[in-house]
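Please find below my notes on the model, set out point by point. They cover sheets, helices, an aromatic pair and two backbone details.

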Amino acid sequence: MAYSFPLTVADVLRRKHFEKAVVAAGKDGLSRIVKWVHVVEVTKISNLLRGKELILSTGVGWREDDSLFLSLLRQLIECDASGLCIELGTYASSIPKEALELADRHHFPLILFLEEVPFVEITHDIHTYLINQQYEMISQLESYSQELNKKLLNIHHHRDILKFLHHCLGHYVVFKMNGGEAEYVPGRPKRGNETGVQPGASLPPGAVSKPISLFGAEYAELALLPVGRDINEFDLLILDRTATALAQHLLRNLYVEERRRTEENEWVKGWMAGEYTDEEVASYLFDHFPSLQVNGGAVWVCKADAAGQKGSFDSTYFKLLCRSVFEQRGFFLLAADMGRHLAFIAINQRDEEGWKSRIEEGVECLMTSEFVQAKLSNLQVGVGTFVQSLSAMKKSYAAALEALKIRSRVKKEPVSLFYDDLHLYRMITVLDKYSNLREMVDRCLGPIVEHDRKHNGKLLETLKVYLQCNGSKQETAKRLFIVRQTLYHRIEKLESFLGADFMEADKRLALELMLKAYDYLMDGGEGMHGRRRAFLEAE
């Protein structure tokens, strides 16, 4: 059942009142589409038309002035009008030769009425037809959509959808997934036929395509190649509906595949626990993913606090989203549910150089996705070390957990995703484990914290910024939005607590470490002074 809705100039010539009309020029343009009929009696028309209008005129606007008529004709051609119908006799008696030649060159139909015709009846007849045609098109489109939705319940392969599209429109259908070969329905057109398609060639002129997007990225492409007629507005609407249905079908298949992959969970856990040798891991990957390239990799882990989780959380969809995002950036993911967090082995399939930036891009894409924004607004991520040996993923996993722990503790200051970049915080976690870190921080910063608490001061903030600015008083005052004199007073107060030599190398290094430790210990959602009070009271 091939649908074809557009009204052409040739169709109009077969309607009432056009029985005695004569095509004086532009006969090669009778296939032009007509979307409306308009009566024009002025000679400046370019700003009034939108394209595809069939123009009716008595010629009163130019009254035998050949130059005015040629100007009007050029405007109509430039505006992509469908054609010009002129009633000869009352105001125009003939058409200049230059106009006939111009219309022929541009395949622009020039139609003459040799006797008086009722323009009002012509417009009423054609407009009624066009409106009914639009209604019929909407009805057919709705019918197609309903039938397609029914088929989606039983279709097991996307090629069934492509066959249905071809059956409805009659055009060749092309479907191509990223990285795959193009599929043609009913089959690849033979070389030299009317479509001009050759293996490996790009789509020929007249073909139209529609991208199919999943997870915010183009996943596949659906295209129509015209057969016997041009692709019209109705074809484009059908193509759009079919692309949406294909996206739903592909997403469903991916979801089912992701659910199947959850069976790999225990094996991936064993891999990250270091239970397998390089040979055993390589054998498993080759058996299950023969085309996979392995150029090292890293483990990254994530979790969301219960308070930050909104509504029901579909971990299968989340893992599918992660897989899609990271595959676009050159990583193959294997996921494991570790109870309180999810772990992903990111196998690198590109050069090792730039792996961090690609991971960062992937995490940023996840954080800004609609799913994470709606369901996991408090998602935390940690990335382990990059390892070359497949059996060393245990080391990367342990590092990722440590990075996640640090990032979960230090929420006020910006902290890197990567374990390798958390140098000071890694030292702090060791100090916290094997010594009384809180006592060390209190001995160094306690007087400053207490002073800020009692006087609602900002000495601790000033110390941080002063160290960050490498002792530049001008830059420090600028970043704190205070005058230099206020800064001098604060520095004097800091010197009274820390000593006048606190900017010397060794002492400065110790202060920076203690400031990082203070942020690490001050975990929780209280305000600054509340946290300081809790810190002091703990002593």
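1. Two strands count as paired if DSSP finds at least two bridges between them. The model is a predicted one. Strand 10 (residues 297-304) and strand 12 (residues 342-348) are joined by six bridges and run antiparallel. Across this pairing, Val299 stands opposite Ile345 in strand 12.

2. The pair belongs to an open sheet of four strands, ordered 11-12-10-13, with antiparallel pairing. Strand 11 (331-337) and strand 13 (379-383) are at the edges with a single partner strand each, so each has one side without a neighbour in the sheet. On average, neighbouring strands here are turned by 20° against each other, direction ignored.

3. What lies across this sheet? Helix 9 lies across strand 10, strand 11, strand 12 and strand 13, and helix 10 (residues 355-367) also lies across strand 10, strand 11, strand 12 and strand 13. The direction of helix 9 is at about 160° to strand 11. For helix 10, the angle given is to strand 13, at about 170°.

4. Helix 9 (residues 315-327) also carries Phe318, which pairs with Phe371 in helix 11 (residues 370-375). A search of the whole structure finds 17 aromatic pairs. In the pair of Phe318 and Phe371, the ring centres are 6.3 Å apart and the planes are at 25°, so the pair is stacked; the cut-off for stacked is planes under 30 degrees apart. The two residues are 53 residues apart, and the pair links distant parts of the chain.

5. A further open sheet has four strands in the order 7-6-9-8, and its pairing is antiparallel. Its edges are strand 7 (183-185) and strand 8 (208-214); each has a single partner strand, so one side of each is left without a neighbour in the sheet. The average turn between neighbouring strands of this sheet is 20°, direction ignored.

6. Within that sheet, strand 6 (residues 172-177) and strand 7 run antiparallel and are joined by three bridges. Phe175 has Glu183 in strand 7 as its bridge partner. Helix 5 (residues 158-169) lies across strand 6, strand 7 and strand 9 (217-225), and runs at about 40° to strand 7.

7. Where is the cis peptide bond at Pro186? The bond joins Val185 and Pro186, with omega at about 15°. Pro186 lies in the loop between strand 7 and strand 8, the two edge strands of the sheet in point 5.

8. A second backbone detail concerns Lys52. Lys52 is not a glycine, yet has a positive phi of about 70°. The residue lies in the loop between strand 2 (36-39) and strand 3 (53-57).

9. How do helix 15 and helix 16 cross? The axes of helix 15 (residues 459-468) and helix 16 (residues 473-480) come within 9 Å and cross at roughly 130°. That angle makes helix 15 oblique to helix 16, because only angles over 145 count as roughly antiparallel. The crossing of the two helices is right-handed.

10. The contact between these helices brings Glu461, Thr462, Val465, Tyr466 and Gln468 of helix 15 against Lys473, Thr476, Arg479 and Leu480 of helix 16. Sorted by class, the contact of helix 15 with helix 16 has three nonpolar, three polar and three charged residues.

Notes. Residues are numbered from 1 along each chain as its sequence is written. This is a predicted model: local features need pLDDT of at least 70, side-chain atom pairs count only at pLDDT 80 or more; totals for chains, interfaces and linings use all residues. Side-chain values use heavy atoms; hydrogens and water are left out. Axes are lines fitted to C-alpha atoms, for helices over the stretch in contact, and angles run from 0 to 180 degrees between N-to-C directions. Angles under 35 degrees count as roughly parallel, over 145 as roughly antiparallel, 65 to 115 as roughly perpendicular and the rest as oblique. A crossing is left-handed if the near helix is turned anticlockwise from the far one by less than a right angle, and right-handed if clockwise. Contact means heavy atoms within 4.5 Å. Ala, Val, Leu, Ile, Met, Phe, Trp, Tyr, Cys and Pro count as nonpolar, Asp, Glu, Lys and Arg as charged, and the others, Gly among them, as polar. Rings of Phe, Tyr and Trp (its six-membered ring) pair if their centres lie within 6.5 Å; planes under 30 degrees apart count as stacked, over 60 as edge-to-face and the rest as tilted.
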